[in-house]
Structures are given as C-alpha cells and as structure tokens.
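Subject: Structure handover

Hello,

Here is the structure I promised to pass on. Please open it alongside this note; what I found comes below.

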Amino acid sequence: MSEVSTRAWARPHDWAEVVIGVVAALSPLWLSTDTTAMWTMVILGALIALDGLVSLAMPGMVYGEGIQIALGVLLFIAPWVMGYTEFNGASWTSWIAGVLTVIAGAAAMPVANAAHRTAGQH
C-alpha cells in the first residue's frame, strides 16, 4: 500500500479531495444560494479541488495536506462567517464537505509524510 501511496496520481485521499472540491464548487448549480454563498462555495471548492490535484501530482508535498485541512475548516465555518445559514442546502453542503475535506486531509498527512521521506532518500 505504501508503494502505491507514494506514486503520483495514486492516492485515494487526494482523489477524494478533488471530488469533494468539485461537488462544493458546482453545488450552487442545484442549490438555492445568494451571491455570497455561491461565490464562497465556488472559490473554496475550486481551491480544495486544485490543492487535491497538486497533491496528486506531487505526493511528497506535506504542506499541501495542511492547506487542505485549513480549506476544509474555512468551508465548514463559511455559512456562519459569510452569513448564509438561512440557505439550508448550501449550509449543509458546506458543513459536510468541510468535515470530509478535513478528514481526507488528516488521513493523507501520514501518507504524505511517508512519501516525503521516501523522496528524500536518493
């Protein structure tokens, strides 16, 4: 498993981050939102997906998982901070996607550390 985890484009945690980010970014297409909620979800979702893609391409980049966890926390608190808690679908999507992003980032952290150590041993 660790051999697969250190190869580019092979880590399931990062693929999960990409999918979560895409779902969050596209969710305003089928959810009721206002402009603030829409742009918050689109931007944070796109950043989550982009960071997941970068982590897939460079599996030894440990700080990418830390960024992913921070983005997940931002997405989770966004309904309160950005004031869109009255939109239940958008709020629940932000909360669930935020928690899943934090879980995926935290789960990928040990794998990224192992890939980083392996990459450093030439």
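A term before the findings: a helix here is a DSSP run of H or I with at least four residues, and helices are numbered from the N terminus. By that count Val102 lies in helix α5, residues 88–120. Please keep in mind that the model is predicted.

**Overall**

The chain has five helices and zero strands. Along the sequence the pattern reads α-α-α-α-α. There are 122 residues, and 40% of them are buried. Take the contacts with a separation of 6 or more: 70% of these join residues 24 or more positions apart. The exposed area of the chain is about 6300 Å². Carbon and sulfur atoms supply 73% of that area.

**Helix α3**

α3 runs over residues 35–57, which makes 23 residues. Its end C-alpha atoms are 33 Å apart. That agrees with expectation, because 1.5 Å a residue also gives 33 Å. Its buried residues include Ala37, Thr40, Met41, Leu44, Gly45, Ile48, Ala49 and Gly52. Asp51 is also on the buried list, as are Ser55 and Leu56. One general point helps in reading such a list: an α-helix has 3.6 residues a turn, so residues three or four places apart point the same way.

**Helix α4**

α4 covers residues 62–81 and has 20 residues. From first C-alpha to last it reaches 28 Å, close to the 28 Å expected. There is a kink, though. It lies at Leu75, is about 30°, and comes shortly before the proline Pro79. Both Leu75 and Pro79 are buried. So are Gly64, Glu65, Gln68, Leu71, Gly72 and Ala78. After α4 comes Gly83, with a positive phi near 75°.

**Arg11 and Glu65**

Arg11 sits in the loop between α1 (2–5) and α2 (12–26). Is Arg11 buried or exposed? Arg11 counts as buried because its relative accessible area is 2%, and the cut-off for buried is under 20%. What does its side chain touch? One partner is the side chain of Asp14, in a polar contact of 2.6 Å. Another is the side chain of Glu65, in a polar contact of 2.8 Å. Glu65 is itself among the buried residues of α4.

**Helix α5 against α4**

Three residues of α5 are worth a look.

- Val102 is partly exposed, because its relative accessible area is 25%. Beyond its neighbours within four places in sequence, Val102 is in contact with Ile69, Gly72 and Val73. Val102 and Glu65 are 37 residues apart in sequence, with 9.0 Å between their C-alpha atoms.
- Gly105 also belongs to α5. Gly105 is buried, because its relative accessible area is 0%. Neighbours within four places aside, Gly105 is in contact with Glu17, Glu65, Gln68 and Ile69. His13 is 92 residues away along the chain, yet the C-alpha atoms of Gly105 and His13 are separated by 7.2 Å.
- Met109 lies in α5 as well. Met109 counts as partly exposed, because its relative accessibility is 23%. Neighbours within four places aside, its contacts are Val62, Glu65, Gly66 and Ile69. Met109 and Val62 are 47 residues apart along the chain, and their C-alpha atoms are separated by 6.7 Å.

Ile69 appears in the contacts of Val102, of Gly105 and of Met109. Glu65 is in contact with Gly105 and with Met109.

**The UniProt record**

An unreviewed UniProt entry carries the annotation "transmembrane region" for residues 37–54, 66–83 and 95–115. How do the annotated spans look in the model?

- Residues 37–54 are 100% helix and 0% strand, and the end C-alpha atoms lie 26 Å apart.
- Residues 66–83 are 89% helix and 0% strand, and the end C-alpha atoms lie 26 Å apart.

If you open one view, start at the polar contact between Arg11 and Glu65. Then go on to the kink at Leu75.

Best wishes

How values were computed: Residues numbered from 1 in each chain as written. Predicted model: local features only at pLDDT ≥ 70, side-chain atom pairs only at ≥ 80, totals over all residues. Heavy atoms only, no water. Helix = DSSP H or I, 4+ residues; strand = E, 2+ residues; numbered from the N terminus. Buried < 20%, exposed > 50% of the residue type's maximum accessible area, 1.4 Å probe, protein only. Contact = heavy atoms within 4.5 Å. Areas by Shrake-Rupley, 256 points an atom, 1.4 Å probe, with all protein chains shown as cover. Expected span 1.5 Å × (residues − 1). Bend = angle between axes of the 7 residues up to and from the residue. UniProt positions renumbered as here; feature names shortened; annotations may be inferred. Polar contact = N/O pair within 3.5 Å; in protein donor to acceptor, adjacent residues only side chain to side chain.
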